[in-house]
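Biologist: Please walk me through the aromatic rings in this model, with whatever they pair with or sit under. Take your time over each contact.

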Amino acid sequence: MPTIADLAVPRFEGSQVVVPAPDAGPGNWAGAPSAVLVDGTFWLTYRVRRPVGVGRGVAVSVARSRDGETFETVTEVYRHAFGAESFERPVLTVLPTGGWRLYLSCATPGSKHWWIEALDAETPARLASGVRRVVFPGGPSMAVKDPVISQRDGYWRAFICCHPLDDAGDEDRMTTHLATSRDGLGWQWQGEILAGRPGRWDARGTRVTAVLSDDPLTVLYDGRATAEANWFETTGVARERDGVLVPSGDAPARSPWSDRSLRYASAVPLPDGRTRFYFEAARDDGAHDLRTVVI
């Protein structure tokens, strides 16, 4: 079994900016990325966010690149078209029957509730006007967002970030639950698969952000110790043991700047055996850029 040192994990050092923050200062973020490599083309989707009171998550972009570093935007989706107060992490995937699907994390106005919606279209450029379906509605006691979705052996698997809403003022708490599906639209919940560790750097919340391997199941995840660190998560590794993911180590990947955030890491395996990571990371003025690094 590989050790943490054997795994390709993201790091700030040596990374470069792919999409800069929309403006200077805290709350201006480009990030929450999800990326895939299809027939030699990198496809990247991400959200652009403004500070609270200015806009929050205003749009999701879909872009393509041949080198994984310089991207051309092919379409944008705006929150007002969904009646959402904010967007968070999207996911772009190729459908096994042809076409594309974009999953969107949508905030219910005036509440802490989130839901996840899917857009289907023949091409990425047509996703903004694609067929819409709510796939994870959430509920009065649970907000759902920031999916990590994959297809394997004829079924779909989703790691969903869940925020309990039963305690006012503590809605930032998060754990990851697993769901499975035959078509990526109708899902069956399988239960909680990753939770934080009391007294550790991930005590307040854990959110799976990327699958590194399936044997054993090994993932990257966001974590934070306190409510005050909400939005400033750092990145660790967890492995499956007895049906749940168990965090490994106490040295998460961080930015060296301002709030130290390095979060929403997405992993793209490359043909040469390396991995290209995309992630959101803090810079010295408190804004967050979308960055990439090859390990």
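Modeller: Here is a tour of the ring contacts, with a short stop at a sheet afterwards. Bear in mind that this is a predicted model, where local features need pLDDT of at least 70, side-chain atom pairs count only at pLDDT 80 or more, and totals for chains, interfaces and linings use all residues. Numbering starts from 1 along each chain as its sequence is written, and side-chain values use heavy atoms, with hydrogens and water left out.

The structure has 6 aromatic pairs; rings of Phe, Tyr and Trp (its six-membered ring) pair if their centres lie within 6.5 Å, and planes under 30 degrees apart count as stacked, over 60 as edge-to-face and the rest as tilted. One of them joins Trp43 and Trp100: the ring centres are 5.1 Å apart and the planes meet at 55 degrees, so this pair is tilted. Trp43 belongs to strand β3 (residues 41-49) and Trp100 to strand β7 (residues 100-107), so the contact ties together parts 57 residues apart in sequence. (Strands are DSSP runs of E, at least two residues, numbered from the N terminus.) Trp43 is buried, with a relative accessible area of 9%, and Trp100 is buried as well, at 10%; buried means under 20%, exposed over 50% and partly exposed in between, with a 1.4 Å probe and protein chains only.

Phe82 and Phe87 make a pair of another sort: their ring centres are 5.8 Å apart and their planes stand at 70 degrees, so we call it edge-to-face. Both Phe82 and Phe87 are buried. Then there's a cluster, in which ring pairs link Phe136, Trp187 and Trp189.

Rings also meet charges here. Lys145 puts its charged end over the ring of Trp114, 4.9 Å from the centre, where "over" takes NZ of Lys or CZ of Arg within 6 Å of the ring centre and within 35 degrees of the ring normal. Likewise, Arg276 lies over the face of Phe42, at 5.7 Å from the ring centre.

Now the sheet. In the order β14-β15-β16-β17, 4 strands build an open, antiparallel sheet, with strands counted as paired if DSSP finds at least two bridges between them. β14 (205-214) and β17 (244-253) are the edges, and each has a single partner strand, so one side of each has no neighbour in the sheet. For β14, antiparallel pairing with β15 (residues 217-224) runs over 8 bridges. One residue to click on is Asp214, whose bridge partner in β15 is Leu217.
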